[in-house]
Every structure is written in structure tokens, then in C-alpha cells.
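User: Hi! I would like to go through this structure with you and ask how each label was earned. Could you show it first?

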Amino acid sequence: MIRSIFSVGGWTLLSRLTGFLRDIMMAAVLGAGPVADAFYLAFRLPNHFRAIFAEGAFNTAFIPAYARVKTQEGTAKAARFADGVLSGVVVVQLALLAFALLATPLVVATLAPGLADDPERFALTVDYTRITFPYLGLIAVVTLVGGVLNANERFWAAAAASILLNVAMVGTLSVAGWFPTAGDAAAWGVLISGFLQVGLLVFDAERHGLGPRFALPRLDPETRRFLIALGPAILGSAGLQLAIFADTIVASFLPQGSVAALFYAERIYQLPVGVIGIAAGIVLLPEMSRRVAAGDEAGARHAQARALELILLLVLPFLAACLIVPEEIMRGLFLRGAFTGEAARAAAQTLAAYAIGLIPFVVMRAFMSPFYARGDTRTPVIATLGAAVVNIALKVWLMDDFAQVGLAFATSVGGWISLALLIGFALRRGYGCGDAALLALLPRLALIGLGVAAALFAAVRFGEPLIDALPGLHDEAKLALCVAAGGGAYVFLMAILVGPRRLKALLRP
């Protein structure tokens with residue numbers, strides 16, 4: 001399981017690195033003006049629906065159901081089950097796409113009401129949404145095929161697919177002069193990437209004899225059980241996305257540049273969430289589903305505890321950096337072209353607010369897996385919806401005084417509330433939340449995090465005079481110094497406080 005987490009995390013890391021190249025180009029070409037805001041809004045709209053119906057609800061209901069059928073009834077029955085679900089997914093996505101394309105102005109006006117007083121951004125957002133929305137249907141197919149591959153312990157293609165999004169967008173942005181606006185170039189890159197991702201996943205599935213086929217859906221017991229689990233999973237994903245989407249709605253009322261600041265800050269804090277938290281969740285869910293289906297409850301709990309150890313150990317340097325040196329990160333990565341120092345400062349403040357909730361963001365999937373592995377998609381709904389209510393109320397309260405920083409802080413508070421509820425529900429049901437080895441490691445992990453934070457603070461405080469003496473590239477040099485100081489402190493403290501034997505046992509089981 002740990003090896004699979006590193007495999008998924010490695011591909012996800014490569015995806016995020018190419019994503020940073022894409023974001024650097026987007027910052028330079030789009031900047032933080034009306035075209036940038038319109039594209040980011042248009043990009044977020046299909047992404048919210050994708051997170052609800054595809055990667056969110058669908059995966060949490062489908063993977064345990066597929067693993068259960070395969071474990072108890074065999075591969076052939078599992079393939080027939082997946083083929084029937086594929087047909088249903090395609091029909092639903094085509095209907096949703098037809099509605100979205102016919103009523104795009106209504107969709108944009110409903111989901112971003114603040115644009116009503118800004119005709120320029122509204123018109124651009126409508127145009128870009130019509131281009132990007134079909135991406136949702138393509139990614140739904142990618143999610144299903146990726147779920148089948150993951151349940152069969154084949155993870156690389158699904159993890160690598162998002163690299164194609166970055167490649168396609170860099171390609172279209174590099175020839176942005178051929179399009180009416182840079183936002184059109186970025187939007188067409190999104191759509192092209194959807195076709196590329198479908199091609200990659202279907203190719204890998206066919207290569208391993210797992211290729212999807214269209215088949216008439218059957219309401220057999222397993223399909224009914226899947227649909228029963230899918231309903232609460234949609235509500236739970238909708239609750240989580242509702243809180244995130246509230247950022248889009250509220251930000252549409254804020255001054256120009258607020259949406260862009262949210263986007264760039266989100267890209268940074270989503271790096272550890274994707275590379276560590278989501279990668280671990282992708283591997284942990286089928287692992288726990290197989291163990292629970294086989295009656296191995298102790299093994300399922302052990303798998304969760306080891307995944308949590310790895311997640312917390314790896315997230316520490318990210319947490320320290322986002323809290324201590326957020327402006328150095330933003331300036332070093334994005335301060336060029338149309339992306340100004342003021343934009344970097346706004347994005348840095350937003351990043352620090354997001355970082356307050358980084359720990360619950362990265363461990364959330366690991367704490368949801370015990371419920372999903374047992375087919376319980378209802379309990380996480382209570383946690384996510386309860387947190388969403390507080391989250392949205394805070395956003396509305398804080399938006400006037402703190403703009404997009406208040407939105408990010410409210411998201412972090414919601415993350416902590418959701419995590420606390422999940423832990424409480426798990427303890428009540430006897431699922432456990434780790435083991436003695438994990439609890440014994442937590443104080444040492446806290447010391448490592450504090451040590452990395454101190455090293456970063458010292459690097460900025462005492463290294464700035466030396467960097468200012470350089471002839472150029474001051475921001476890039478300061479970021480490199482932070483990476484060296486924080487990374488060195490992290491490795492040193494980890495070797496002392498965790499120890500080589502413990503690291504070897506965790507990383508090379």
C-alpha cells in the first residue's frame with residue numbers, strides 16, 4: 001500500500017510540477033484582471049460539478065462496490081457491473097451538458113451572481129464556460145475507468161492523466177495570439193485535455209483487459225446497493241463543494257483580482273493535498289474495501305494508521321512554509337509579466353489563511369475511507385454538511401472586512417469542523433482513528449514542524465541582506481534559500497526524532 005501511495009504521489013507530484021509551469025504561464029499571460037477572473041470562474045464551474053458527481057461521489061460509491069463484487073463474485077461479474085454503470089454515467093452527463101450549453105447565461109448568472117453588474121466579465125465567463133463545460137463529461141468517463149484500474153491495483157494512468165491538462169493548456173497558451181483572448185486559449189486547452197485523458201485511461205485499461213464496454217444497465221442487487229450509496233455520496237460531495245463554491249459566488253462580489261488571488265493560493269496549498277492526501281486516499285480506499293470485504297477489520301485499521309503516519313510526516317514542511325513564508329513562495333513562483341507585487345501579496349495572505357486548515361485537508365480522505373469501505377456514505381454527509389453551514393456563514397460574515405482572505409480562513413475552519421465530526425463518528429462506531437504507534441509519533445511530528453518553521457523564519461530574517469546584494473533574481477533566490485533551509489532542517493530533525501529504523505519500517509515495509 002505504501003509503495004502504491006508513493007507511485008500515485010509521484011505521478012501526482014509530476015502533475016503538480018507541470019501545473020506550476022502552466023500557472024506561471026497563466027500568471028504571465030492572463031495576470032489578475034477581468035480576463036483572468038472570467039476564465040477562473042469558467043474553469044471552476046465544471047470543476048465543481050466534476051468534484052461532486054465524478055471524482056467525489058462517484059469514486060466513493062463505485063470503488064467499494066466494484067471491489068466487493070470482484071472479491072465475492074469474481075472479475076467477470078465486476079466487469080459487467082462496471083459496463084452497466086458506464087452507460088448510465090454517459091447518459092446523465094450528456095443530459096447535463098445539453099442543459100448547460102443551452103442555458104449557459106442562466107447558469108453563470110445563478111452560480112456567479114456578482115457578475116450581473118460587470119457586463120464585461122459576465123460575457124467573457126459565459127463564452128469560456130461554453131468551451132470548458134464539456135470537460136465535465138469527459139472527466140466522468142476518466143473517473144469511472146480510473147476507478148476500475150485503481151480497484152485492480154493499477155494506479156499510474158489515473159494519477160498521470162491530469163498531466164495532460166497542464167500540457168494541453170501550456171500548448172494553447174503558448175499560441176494565445178491565435179485566439180480572440182488569452183482566456184479563450186486557456187479554455188480550449190482545458191477541453192482538448194479532456195479528450196487526451198480519456199484516450200490515456202481507455203488505452204491503459206484495454207492493455208490490461210479492463211477496457212470499458214457499453215451495456216444495458218441492470219438493477220441487480222449490487223447496482224441497487226451502489227445507487228443507494230451514491231445518493232448520500234452526492235449529498236456529501238455537494239456539501240463540501242458547496243462550501244468551496246461559496247468562494248466563487250462570494251468572490252464574484254469582490255473587487256477585480258480577488259478570484260485570481262484565490263486561484264493562485266489554492267494552487268499552492270492543493271500541492272500537498274493532492275500529492276499526499278488525495279494520493280493516500282486513492283490507494284487507501286480500495287485497500288480498506290478489500291480488507292473489510294474479506295473480514296479483516298484489524299488489517300483495515302492498520303492500513304489506515306500507516307497511511308496517516310505517512311501523510312502527517314510528509315505534510316509538515318508544506319505546512320510550515322505556507323504559514324511562515326507565503327509571500328516568498330508567491331513572489332518566487334509567479335512575480336513576472338502581468339502578475340504584480342500587489343497580486344503576490346494578496347495571494348500570499350490568502351495562502352496563509354488556507355494553510356490553517358492544511359492538516360484536515362490532507363487527512364480528510366483517510367478519515368472518510370473507513371466509512372466508504374463499509375458502504376456507509378451517509379455518515380460523512382453529516383460531517384461535511386455540518387461543516388459547510390459554519391463555513392458559508394463565516395464567508396458571508398468575513399467577506400466585507402477581509403475579502404478573499406476571509407473566504408480562505410472560513411474554508412480552513414470548516415475543514416477542522418468536518419475532521420472533528422468524522423473522528424467523533426468513527427470512535428462511536430468502533431472504527432478507530434489510528435493506533436498506539438501513531439499516537440506515540442504525534443509529539444515528535446509536532447517538534448519537527450516547529451523546527452522547520454524556525455529554520456524558515458531564520459532564513460528569511462538573516463539571509464535577506466545577502467540576497468539583496470545579488471545583481472538580480474532576488475525573489476527566486478530567497479525562495480531557493482527557504483527550500484534549502486527548510487528542507488535541511490526537515491531531514492535533520494526527521495532523522496533524529498523519528499529515526500532511521502522507524503523511517504525504513506514506514507517507507508519500505
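Analyst: Happy to. Let us start with a term: buried means under 20% relative accessible area, exposed means over 50%, and partly exposed lies in between, using a 1.4 Å probe and protein chains only. Please keep in mind that this is a predicted model, in which local features need pLDDT of at least 70, side-chain atom pairs count only at pLDDT 80 or more, and totals for chains, interfaces and linings use all residues. Residues are numbered from 1 along each chain as its sequence is written, and side-chain values use heavy atoms, with hydrogens and water left out.

User: Why is glycine 488 called partly exposed?

Analyst: Its relative accessible area is 37%, so glycine 488 falls between the two cut-offs and counts as partly exposed. Glycine 488 sits in helix α18; helices here are DSSP runs of H or I with at least four residues, numbered from the N terminus. Its C-alpha atom is separated by 8.5 Å from that of valine 452, 36 residues apart along the chain.

User: What makes leucine 138 buried?

Analyst: Leucine 138 has a relative accessible area of 16%, so it counts as buried. This residue lies in helix α7 (residues 134-151). Leucine 138 and leucine 196 are 58 residues apart in sequence, and their C-alpha atoms are 9.4 Å apart in space.

User: And how do you know whether isoleucine 276 is buried or exposed?

Analyst: The same kind of check works. Isoleucine 276 has 6% relative accessibility, so it is buried. Its helix is α11 (residues 258-293). The C-alpha atoms of isoleucine 276 and leucine 13 are separated by 8.9 Å, with their positions 263 residues apart along the chain.

User: How do you know that the length of α15 agrees with its number of residues?

Analyst: The expected span of a helix is 1.5 Å times one less than its number of residues. For the 16 residues of α15 (residues 358-373) that gives 22 Å, and the end C-alpha atoms are 24 Å apart, so the two agree. Helix α17 can be checked too: its 33 residues should span 48 Å, and its end C-alpha atoms are 49 Å apart, which agrees.

User: What makes α15 largely enclosed?

Analyst: In α15, 14 of the 16 residues are buried, so the rest of the structure largely encloses this helix. Glycine 375 follows α15 and has a positive phi, near 75°.

User: Where is the kink in α15 centred?

Analyst: On methionine 364, with a kink of about 40°. The bend at a residue is the angle between axes fitted to the seven residues ending there and the seven starting there. In α17, a kink of about 40° lies at phenylalanine 462, shortly before proline 465.

User: Why is the contact of arginine 306 with glutamate 309 called a salt bridge?

Analyst: A salt bridge is a side-chain nitrogen of Lys or Arg within 4 Å of a carboxyl oxygen of Asp or Glu. The closest N and O atoms of arginine 306 and glutamate 309 are 2.9 Å apart, and therefore the pair meets the rule. Being three residues apart in helix α12, the two are separated by about one helical turn. Both arginine 306 and glutamate 309 are buried.

User: How many salt bridges does the rule give?

Analyst: The count comes to six salt bridges. Among them is the pair of arginine 331 and aspartate 475, at 3.0 Å from N to O. This pair links distant parts of the chain, with arginine 331 in helix α13 and aspartate 475 in helix α18 (residues 474-497), 144 residues apart. Arginine 331 has a relative accessible area of 23%, so it is partly exposed. Arginine 345 and glutamate 327 also meet in a salt bridge, at 3.8 Å from N to O. Arginine 345 lies in helix α14 (residues 341-355) and glutamate 327 in helix α13 (residues 326-334), 18 residues apart. At 39% relative accessibility, arginine 345 counts as partly exposed, and glutamate 327, at 27%, is partly exposed as well.

User: How many disulfides are there?

Analyst: Zero, where a disulfide is a pair of cysteine sulfur atoms within 2.5 Å. Cysteine 322 has 3% relative accessibility and so counts as buried; cysteine 482, at 4%, counts as buried too.
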